[in-house]
Structure formats: structure tokens, C-alpha cells
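Thanks, everyone. I'll keep this short. Please have the structure open while I talk.

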2 protein chains.
Amino acid sequence: MTNMNGTVEQQHVDALIGIVGSGNCLSAGGDMTGYTVDYRGIFAGAALAVVRPANTAEVAAVVRYCARHGIPIVPQGGNTSLLGGAVPDGSGKAIVLSLVRMKTIHEVDPQNNTMTLDAGVTLHAVREAAEAAGRLFPLRIGSEGSCQIGGNISTNAGGTAVLRYGNMRELVLGLEVVLPDGEVWNGLRALRKDNTGYDLKHWFISAEGTLGIITRAVIKLFPWPAARAVAFAAVADPGQALKLLDLCKQKADTCLTAFELISAPALALSLDALGEDAPVSGDHPWYVLIELSSGQGQAQLDAMLLDTLEGAIEQALVMDAAVAANQAQAERMWLIREEISDAQTRTGGSVRCDISVPLSRIPEFVQAATEDVLREAPGARMVVYGHMGDGNVHFNPLRPESTSAADFLASHGAAITRLVDGRAAQLNGSISAEHGIGIAKRDELLHVKSRVELQLAWALKRALDPRNLMNPGKVLPPVGSLADAGTP
Amino acid sequence: MTNMNGTVEQQHVDALIGIVGSGNCLSAGGDMTGYTVDYRGIFAGAALAVVRPANTAEVAAVVRYCARHGIPIVPQGGNTSLLGGAVPDGSGKAIVLSLVRMKTIHEVDPQNNTMTLDAGVTLHAVREAAEAAGRLFPLRIGSEGSCQIGGNISTNAGGTAVLRYGNMRELVLGLEVVLPDGEVWNGLRALRKDNTGYDLKHWFISAEGTLGIITRAVIKLFPWPAARAVAFAAVADPGQALKLLDLCKQKADTCLTAFELISAPALALSLDALGEDAPVSGDHPWYVLIELSSGQGQAQLDAMLLDTLEGAIEQALVMDAAVAANQAQAERMWLIREEISDAQTRTGGSVRCDISVPLSRIPEFVQAATEDVLREAPGARMVVYGHMGDGNVHFNPLRPESTSAADFLASHGAAITRLVDGRAAQLNGSISAEHGIGIAKRDELLHVKSRVELQLAWALKRALDPRNLMNPGKVLPPVGSLADAGTP
């Protein structure tokens, strides 16, 4: 244990304890690793202290103290970022400000279809509270048990229901934010329409805590979709999958809730991990998982799905398909889809790329990126899956079985990322469709964004946080590097 | 004609002619009133010149010239703003930069459901081009023949299909903007998901040209909704209308496209103007117009609407209802709804308030605001109509028949605005749900926004436009007035 008595650091810690209480301020004397290392153990930093305020007033007091003393602040929700966005750097100079104690749901208004809540409420608790009121909160991502709504908003989370309901950005109506100077902006409006000038909430959504700390939000709820129908279908290639998607939109319109693409190697990983059989027999190169949902009758929705699949078989878009006969089978199909990511982590040796392109270019992207990767790393398994309905695929080449994870990543990791992201950029796509930027993808932005765009981002950052104390080093490439930025 | 030969003004005009050509630069020698006065003739200003660039490069050259010489710029689309947002002040120092010549549709991608187009394309042309590709562009507002997509984006237009499709903000995927220093930001992405840091497009949407000039956009298209079913129903009061709305959501889910409230005096005005009979016989205090639409069959949608209305009659939510038997009847019902605004203009003596509140508080708002207004102006006719499904009503008290328009507005205009907007603010609502701020509502923001919020807006404005040359005087209350702002 470091002895900090009498040091400036100890004075800071004492002052922070004065705001949040000693039980909610961890410092060098305690174990901070739950807050200074991300949940996958990839990004490890150090902190002056971990501070867990109980409410907005305490957050504001902590921020004011830090602003006065030039102490950087890393806001943290459930610490489930994949890109190191929520952990501090190694200097030990920053505090981590965890929203974990702020978990009150203040209001559920079923008639206005809104919920007002603290930033620290877990996504799981949000969904449960909505359901208890007969409403749906549609955000659906793997980490729902740990991730917090404030983090979901700060990173503009995506997931498997974006096709019908939009990204997190589209699900937010109002925010309360503690600004870098410790002032509180109360923008907790619960309105569908409000055209009174600049819409400030959008500044903070996807800013990953670099412009302030989201402390409360008003989010949208939806009628509970009583009926759900799920199918798994085998298709020849992403081009056929795209045609199938068009058909689904035409037949099912807004009932189409999810349309997930899955490559054969991705399916194999998941089935191995689960010890399950494929929902569709035979060997096929590609699969899709389709979900329809509605507030109307189950029978009607089932008929709609069958009609769609029959049309697809007639047009030879689908090689084989299985429809979930009940909700348990539907859950099993989803489990197979959702297991892919964890199965891949356990197997080791994946290069994870989270790209999007205009939907019409998905087939072209998959083909070109596959060729690029196989030229670079012959034998790599093309684990490709994700939210094709949104133009977003997780394109995650996996080591050949005969190559170790460490060797594969050392020899090919960086090159594969560059190749895949480069293809996405070339097709006017995004190198981070839903995972955000954090620290891991920050400097890649220099290759895909123009100097003008990065300077604009810095203009807002500087205007709100002139001393660069809010989550410094994240999202924005350093000012000094902008001269190197591409100019698309 | 003023002789400007040799003056600084003439030098500026000559330089601008050098960029856009003499045919596209009107100055003191020509009639500029089509650009310096709004279409209703309420806001009249003066300009140094009206400049009509042909493309982004010319816009950028004009902006660079003006930046160098400190010349203010008022960007203008179809000049259909209701709040004076697109006309210059009376000083004659600013130029009007009209996007009228930039009307190219660059790409329609039906598979990606996107259109890439110049800012000056009229909304009508957008909708036609979408339809020609079998797609819907859903924005629906009265001025579609004249208003331009750039103006729709700059003001975040709303209209009658927001309930299903969202505001203009939700319909934009990418933008190209000429910034106040004349640099061009190319953010023309056609992606549903792109989480690469700050989402700059949202800064410019609803900024009414105060942060830059939108020159191109990528907008979302939707499957063409082949089936449409429309009904007109009489209800006892807004509380019953709200219950009917809940029932519609439950029965029709996302097929519910519009839900418009209409008060009896609003209906009477429109029917008089059109020489039509009411779609529902008898005298009723309130009405709603309901539209369902879908890509599925007409018969199915008709059955859904009938089922909904039968449920409503069973629950005594509806006193009487008429269903459009064909598309011609549906158009007629819509015409009755859409005529209200013009009928009111012709009658004269309306105080127009465009408010929103949380949906659950609409009945409370209507009752309280009605009582307030009738206390202030006994005999005023309560013309109330609009997009109840979005929590947005146009609450437009009209002079008693026996009072002249001029007398009514002089005696009660300001007081009624204050009362109605005050009620909206008290119920956590908005004083401009869809019309924007322009010049007319600018200083009202001091009563309904906090100092913190207005200072944040100025922080961005100052960062991007430090010399305040882009549409100066619009949207943002003067910095000197912020100390007076309310602190909700």
C-alpha cells in the first residue's frame, strides 16, 4: 500500500471522500481493478481514485472539484466497452467516476411511452421495468446484465433490434448532463417534437463521456409486441440474403424486427460451443435469422412469416428454412446467434471488425474483404455475422485451426484490420458501426475521416472542455495528428 | 435605382457576380422582394444582394468571400418559414444565399433505401423521385411544392407522418455542409449505423443555417405503402381522443401513420372554406383523423381499421365515425384537415401557437390553455388541430366573429401567446414543436430555456462562427440577454 498521507494526491482523495463518503471512494489502499481494467482484461490503466457518487449533485460536486484541480475524469458505466473507452490510461492521474450507485427509475409513463431514469440503471433492469408496465424497451445487446443505460447512450449502442427500433440515439428523448465545468444541463424533456433550436442531446450521445457525464435520461418505450415469429434460413451467399431481406421488407413491412446474417464458420463455432445441432440440416455456406414481431395476433404473424418464406423458396432465394414452432425454439435460435461472440473469444485468435456499408454494397464488401483476408492469411476461417438489416456485419476472421491465437494475431492481426476497414471505407462504409471508438480505434479515424471533420469535433470539445479533462485521450485523435488525416 | 458604382458595396456585388455570374446575383438594381420578404409578407428585410450559386464549389467561394469581408449570410431555401428564419434583417448588409438552383438528385438507391440530392430540390420533387423508384419519402407538410429539402433539414420539419416515420432529423443519414469559414464538410454517408465519434450532422439539423449551409444530403426512403386506410371520428374531448390513440396503437401497431386532432371550430373553418359537409354528421366538439398504412394488403388494413373503430365504439371512445371507402374519399378527408391553416390565414385574427407536451398531458394542456385564453379573450374561437399522436397541437385561438382581426391581435395577441406557451412550458412542453425559432420566437427562449442551455448553444455557435456571420440574429437570443434566462 502506497503511503499517500500528506501528499497532494491524498488531499484530493480526502476531498472526494468528503463529497461521496469513504465507502464510495476507492483509492490506492483498495482494489480498483474492477474499474481500471475492462471486463475482457484487454485495456488496463490506473486511477488516483474510483468515485461512486449517489446522485447528480454529488457528480457535479466531484466534477467541480476536479475542474478546479485539473484532475482528469473517466466516466464509467458497466465497464463493458469493447474498445477501452471507459478505463483510464496508465498514468494514475485520473479518477474513474462510476455511475453504479445511480440506479433509480424515476418515472414510467405508459401513455407517453417514456421512462425517466438514472444513468446507472442496467439495461436489464430497464427492460424489466418497461415490461412490468406492459411496454417494450427495445435495445437488445449481449451485455444487458451489466451495461448501464448511461453507457448505452454515451456509446450509442446498437444490437439486434435496430432494424425496427433504431439505435440508442433514436431511443433517447431527453438528457441531464453534468458538464466539464460542473454545471448541470437539465434537458430531461419527454417530447416527440421540440424544435427550439440546437438539439443538444445529440452532442452527448456517442461522445463516450468526452463532453460531460450523462446522469439522467428520458427514453422511449413501445407497445409490447405480444407476437413474435422467428425463422432460420440457409442461403447461397450475401447477395441472396440481400434479396431475401428485400422480400421480408415487402411482405412484413415494419413487423420485420431483426435480420441477422451468419456465415457457416460462425455457425459452426456456436454449435460446437453449445453442443447443439443446426436448426437447418445439411451444409450451407450462409444463414440468416429472421424475426418478425407485432402487437397483433400470433397466428397472423406466423402466417406472414410462412408466406414470406414460401415466396423466398419460390424465388429460389432460400435453400432451406426452419420456423420456430414456439417461443422456446425461438429462444434457441437466438441463443445460437448470440453465442457466436463468446465462442469466438474462448477459441481465441479472432480479428474483430465491426463495419457497416450501404446495404446494397454488402455482397460486394463481403466478397472483397474475404479475398483480401485469405490472401493475407490463407486458411483463416471467415467468421462473419451480424445485423445485415442495418448494413452492419461483424467481420471477424479467425485463425486456422492449426495456427495458435498468438501467432495468428501477431502475424496477421494488424494487417487484417487494415484490409477489412479499408474495404469498408472504400465502399463509403464505417469502421465502427456500433462499438464506438474508445481508445482502440481512435487513431484509425485519421485514415477514414477528413481533417475538416476531425477539426469540427475538436471545436466542440474545446468549447465545452477547454482543459481536456473529460475522458481525455478517447474518441478524438490528438490535435497534433490532424494534419495527417485523410481528406475524403 | 441606387448608384453603387465605385462603392464598397458595388465591389462586393462585382466580386459575387464573378463567382455566380450576373444572372444569378440580384442587387439594388433588381427586385429582391421574393427573397427579402417571407411568403406570408410578415417579415420584410433588405439585402446587399441575392446570390444563387449553382453548386457546392460556388457556395464555398461565396462564403469564403463573405468571411473575408465580414458580410453576413442568410441561407434560404423555399422561403416558407413561418417565423422569419430565412429573410435578412432591415440593415441591407447581409446577402441572401439562395439554394434554388441546386436541384439535382444525384442518386436513388432503392436497395439501400436512400436518396442523395442537392439542398435545393423541392420536397415535392423528392417525393416524386422516390415514388418513381417504388419508394416513399414520408415527410408531408403543406408547403411541399415550394419548400426545399435543405430548408426541411435546417428546420427539422415535422408534419403529418411523424408518428410513424419521425421528424426530418430521423430521415437524414448524411450531409454536406459549407462551414462559416468556407471549408466544406463532406459527411455524405448513407449508413444506418456509424458510431465513429461525434455525429456532426445533428449539429446542423434544426440550426436554421446559423452554423453553416447545407448543400447536399443523403435521406432515408421507405418501402412504398401500397395500402392506406383513413377514417374520421367524432370524440367527446381530448381525453377520449387520447384513449382512442392508445387503442389505435394497440390494434394497428406501426401501421398507425397519422392521428390528427381537430376541434369543432377548426373543422367549421375548413368546411366553410371548401364548401364541404363534415365527414361525420351531427354536432360534435372534437374530431380525429386516423390514417393507417402498410405494404400489406388493402383488405387486411381495412379490416384492421374497422376492428379498431368497432373496439372504440364498444368502449364508447367514439361518438360516430366515417371510414373512407376509397382513395378519393381519403384525399377529401385529408383536404379538410389540411385546409384549416389556409382558411385561418384568410379569416385573419389568429394567434398561432405550435406547442407540444408529453402525450399523457395533452388533455390537461388543452383544458387549461382554453380556460386561460377565454378568460383573456372571451368569445375567442378555439381553433385547435394537429399531430396529437406526437403530442403536438397547433393551438390557434381565433378572434370572435364580431371582432376585427387587427383589434383582436392588438388587444390579445401577445397575451394569448404568453398564456399558451406558458402552459406548455409549465407541463414540460415545447413552445415550438415543429416550426422552429427563426427571429419570431427567438427571445421567447429566454423564458423557457435555462441559461446553461443557451450558453451551450452559444459555445458551439462561437466555435464554428466566431464572427457571427451565418444567419445572424436567428435562433439564439443575444448573448447579452442570457443573464435574464430562466433556470428551469
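First, a term: helices and strands here are DSSP runs, with at least four residues for a helix and at least two for a strand. And a caution: this is a predicted model.

Start with the annotated stretch. UniProt lists residues 43-224 of chain A as "domain: FAD-binding PCMH-type". That comes from an unreviewed entry. How much of that stretch is helix, and how much is strand? Over residues 43-224, chain A is 21% helix and 24% strand. The C-alpha atoms at its two ends sit 38 Å apart.

Now the helix pairs. Take α1, residues 8-20 of chain A, and α3, residues 56-69 of chain A. Their axes come within 9 Å. They cross at roughly 160 degrees. Angles over 145 count as roughly antiparallel, so α1(A) is roughly antiparallel to α3(A). The crossing of α1(A) past α3(A) is right-handed. Who makes the contact? From α1(A), it is A:Q11, A:H12, A:A15, A:L16, A:I19 and A:V20. From α3(A), it is A:E58, A:A61, A:V62, A:Y65 and A:H69. By class, that contact has 7 nonpolar, 3 polar and 1 charged residues.

Next pair, still chain A. Look at α9, residues 264-274, and α11, residues 327-347. What angle do their axes make? Roughly 85 degrees, and the axes come within 8 Å. Angles of 65 to 115 count as roughly perpendicular, so that is how α9(A) lies to α11(A). On the α9(A) side, the contact residues include A:A266, A:L267, A:L269 and A:L274. On the α11(A) side, they include A:L335, A:I336, A:E339 and A:R346. The whole contact divides into 10 nonpolar, 3 polar and 2 charged residues.

Over to chain B. Helices α9(B) and α11(B) come within 8 Å, axis to axis, and cross at roughly 85 degrees. That makes α9(B) roughly perpendicular to α11(B). Here B:S270, B:L271 and B:A273 are among the α9(B) residues in the contact. Among their partners in α11(B) are B:I340, B:A343, B:Q344 and B:T347. The class count is 10 nonpolar, 3 polar and 2 charged.

Last point: how do the two chains relate? Chain B lays on chain A with an RMSD of 0.0 Å. The operation is a turn of 180 degrees with a shift of 0.0 Å along the axis. The two copies are therefore related as by a two-fold rotation axis. Both copies use the same surface, as 99% of the contact residues of chain B recur in chain A.

Notes
Residues numbered from 1 in each chain as written. Chains lettered and ligands numbered in written order. Predicted model: local features only at pLDDT ≥ 70, side-chain atom pairs only at ≥ 80, totals over all residues. Heavy atoms only, no water. Axes fitted to C-alpha atoms, helices over the stretch in contact; angles between N-to-C directions. Parallel < 35°, antiparallel > 145°, perpendicular 65-115°, else oblique. Left-handed = near helix turned anticlockwise from the far one by under 90°. Contact = heavy atoms within 4.5 Å. Nonpolar A, V, L, I, M, F, W, Y, C, P; charged D, E, K, R; others polar. UniProt positions renumbered as here; feature names shortened; annotations may be inferred. Least-squares fit on C-alpha atoms with pLDDT ≥ 70 in both.
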